[in-house]
Amino acid sequence: MRALLVIVLLAATAEARGLPQGGGWLHYELSGAHALDDDTATPRELVLAGVKLHGLVGGRYVAYHAGLDLAAGATIQDAGFAYDVSLFPVGGALRLGASGFLAVGFGIGANGATGTLDDALAFPLDVTLEVGGGAVRLLAHGRGTFLFNADSRQGGARTLGGFDELEAMAGVRIGRSKDQFGFTSSTGYFVGVNYRELLDTRMVGLVIGYAIAGGSLRKPRHVVDL
């Protein structure tokens, strides 16, 4: 939470001084997924709780993007501890509308689950889209992951064969937002549907969470501050 506040304050200061603009978002998430395929699929259920902290800094339309995702949970049927950690030091973002964005990041991390998913070194390609303001905001997320040091998990994605695992989420956030002095901030709860492909298994489920976002407001060119 403090890290996000620092990002937001820096963005507001940058807006006031004419420096590069930016912002950030913090998501607390709880997701659960169940296998759609036959009973021999492993794992059958996967539950993860975690946090995502990301930031943007740059110009009016294009920005540099970096982030950190942390999650831990379990594979329910097999009672195995599960984890997923990713750092995104390289990325970019296209700012949309007043406060929306399309962000892409390439990172490094690790994930696995005892008894079902061998520990693996992960290189994820991550895409995040957020649009809308006021009380309703649309959220979408997709990730394709290349895995190493885990031969049993490679080639487990069906839809896009170049990746070893796939993940996608689409949801709606209901909350409140405020735009003032060239700065935007918003908070609210969100709910969505998530989809995974791993080990040649398709999984679908729900995700719920709480989101905090803020940063410099990308105003249309015809708007002039007085």
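**View 1. Strands β1, β5, β8, β9 and β10 each supply at least two residues to the lining of the largest pocket.** This is a predicted model, and we start at its largest pocket, which holds about 270 Å³ of space. The lining has 25 residues, and those closest to the pocket centre are S99, F101, R137, T184 and G214. By type, the lining divides into 15 polar, 5 nonpolar and 5 charged residues. To find your way around, look for β1 at residues 21–35 and β5 at 100–113.

**View 2. Ten residues make up the largest nonpolar core.** Here you can pick out A33, A35, A41, L46, L48, A82, A113, L117, L198 and M203. Two strands, β1 and β2 (45–58), give two or more residues each to this core. Apart from this core lies another one, of 7 residues, with A63, A93, A103 and A213 among them.

**View 3. M203, a member of the largest nonpolar core, is shown with its contacts.** Leaving aside residues up to four places away in sequence, M203 touches A33, H34, A35 and L36. The contacts of M203 also include P43, R44, E45 and L46, as well as N194, Y195, R196 and L198. Among these partners, A33, A35, L46 and L198 belong to the core as well.

**View 4. F146 and F163 form a tilted aromatic pair.** A search of the whole structure finds 5 aromatic pairs, and this close-up takes you to one of them. The ring centres of F146 and F163 are 4.8 Å apart and the planes meet at 35°, so the pair counts as tilted. F146 sits in strand β7 (residues 136–148), while F163 sits in the loop between β7 and β8 (165–180), so the pair ties together parts that are 17 residues apart in sequence. The two rings can also be placed by their accessibility: F146 is partly exposed, at 32% relative accessibility, whereas F163 is buried, at 14%.

**View 5. N149 has a positive phi although it is not a glycine.** The phi value of N149 is about 65°. You will find N149 in the loop between β7 and β8. With a relative accessible area of 66%, N149 is exposed.

**View 6. D200 is a residue other than glycine with a positive phi.** For D200, phi is near 60°. Its place is the loop between β9 (183–198) and β10 (201–216). D200 counts as partly exposed, at 45% relative accessibility.

Notes: Residues numbered from 1 in each chain as written. Predicted model: local features only at pLDDT ≥ 70, side-chain atom pairs only at ≥ 80, totals over all residues. Heavy atoms only, no water. Phe/Tyr/Trp six-rings, centres within 6.5 Å; stacked < 30°, edge-to-face > 60°. Helix = DSSP H or I, 4+ residues; strand = E, 2+ residues; numbered from the N terminus. Buried < 20%, exposed > 50% of the residue type's maximum accessible area, 1.4 Å probe, protein only. 1 Å grid on protein atoms, 1.4 Å probe; cavity = no way out; pocket = protein on both sides within 12 Å on 5 of 7 lines; lining within 4 Å. Points joined across faces, edges and corners; volume = space filled by probe spheres on them. Nonpolar A, V, L, I, M, F, W, Y, C, P; charged D, E, K, R; others polar. Core = buried A, V, L, I, M, F, W, Y, C linked by side-chain atoms within 4.5 Å. Contact = heavy atoms within 4.5 Å.
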